[in-house]
Amino acid sequence: MDNNDFFRNRRTIRVYEKRRVSDELLREIALEASHAPTTGNMQLYSMVATRDAELKAQLAPCHFNQPSVEGCDVLLTFCADYHRFVRWCELNDAAPGYDNFQSFMTAVLDTVIFAQQFCTAAEMRGLGCCYLGTTTYNAPQIAEILELPELVVPVTTLTLGYPAAEGVDCGRLPVEAVIHTDKYSDYSDADIRRLYAPKEAREDSKRFVAENGKSTLAQVFTDVRYTRQANEHFSKVYFDFIKSRGYGMPVNTDEPKQQNKIVAKSNQR
């Protein structure tokens, strides 16, 4: 299979064989993933690989008891991690200044890039993966179970194993929906309707609408799957947890303006 076919035909796998992914293969894929781009070559991430059945059972409620959590061979929790780098700085007479929002976002980007390269490398070797979007919802509980130290924050989770069934083609927006040439070109109402029409016409989409008693697919997202109430609740949970991990968050809206003035003056030298 050439690369075009591989990427266009990739599927999320949620059902796995009772077959072990060897430690050697896991390390080999992690090594390949570690060559992904990273900010300043700092590699601000860690991956916790959980095989223990009891630990996976403890983690399952954190992921709303999705069957793949306990059904996979390895549950991989990818964490933004400045803990290791800060320790290195302190042991080498360097004063780290990474307990802030900018540093947290830097670590998040490193983590997501690493996780995606791991996912691709695993799938290209015949393994199956499924991202769990629930990691940030229950990060405090996940951190407690995995005994994560300060400056280590769960960002995303992958279930990993050998596929027991083919994944489903969930469909994607036309690529023209996401490409903008030179500058961002905003969408007309007609553009939006045209770009989302194929997604709305899918049989599984129609089923979601009917099952949830809604009149449009958009309402399934806004009223059922990702509601304002849930988003605001989990936003506060994650925000408070990030602060508790040692990352200070900007709260004074005047500070950025003042900082911009300082930067502007320094640039005038």
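Mentor: Welcome! A residue is buried when its relative accessible area is under 20%, exposed when over 50%, and partly exposed in between (1.4 Å probe, protein chains only). The model is predicted, with local features needing pLDDT of at least 70, side-chain atom pairs counting only at pLDDT 80 or more, and totals for chains, interfaces and linings using all residues. Residues are numbered from 1 along each chain as its sequence is written, and side-chain values use heavy atoms, without hydrogens and water.

Trainee: How many residues of strand E2 are buried?
Mentor: Helices (H or I, at least four residues) and strands (E, at least two) are DSSP runs numbered from the N terminus. E2 covers residues 74-81 and is largely enclosed by the rest of the structure, because its buried residues number 8 of the 8.

Trainee: Which residues point the other way from Val 74, Leu 76, Phe 78 and Ala 80?
Mentor: Look along E2 and you will find side chains pointing two ways, and all of them are buried. Opposite to the set you named come Leu 75, Thr 77, Cys 79 and Asp 81.

Trainee: In E4, which residue is the bridge partner of Val 74?
Mentor: Strands pair if DSSP finds at least two bridges between them. E2 runs antiparallel to strand E1 (residues 45-50), with 6 bridges, and here Ala 49 stands opposite Leu 76. E2 also runs antiparallel to strand E4 (residues 152-161), joined by 8 bridges. In E4, Val 74 has as its bridge partner Leu 160.

Trainee: Which helix gives the most to the largest nonpolar core?
Mentor: Such a core is a set of buried Ala, Val, Leu, Ile, Met, Phe, Trp, Tyr and Cys residues joined through side-chain atoms within 4.5 Å. This one has 36 residues, and those touching the most other members include Tyr 82, Phe 104 and Val 153. Elements that supply at least two residues each include E2, E4, helix H6 (101-124) and helix H7 (139-146). With 5 residues, the top contributor is H7.

Trainee: Which residues of E2 does Val 153 touch?
Mentor: Touching means contact, with heavy atoms within 4.5 Å. Leaving out residues up to four places away in sequence, Val 153 meets Phe 104, Tyr 238, Phe 241, Ile 242, Arg 245 and Tyr 247. Its partners also include Phe 78, Cys 79 and Ala 80.

Trainee: Is His 35 buried or exposed?
Mentor: His 35 sits in the loop between helix H2 (23-33) and E1. Its relative accessibility is 63%, so His 35 counts as exposed.

Trainee: How far apart in space are His 35 and Gly 246?
Mentor: In sequence, 211 residues separate His 35 and Gly 246. In space, the C-alpha to C-alpha distance is 28 Å.
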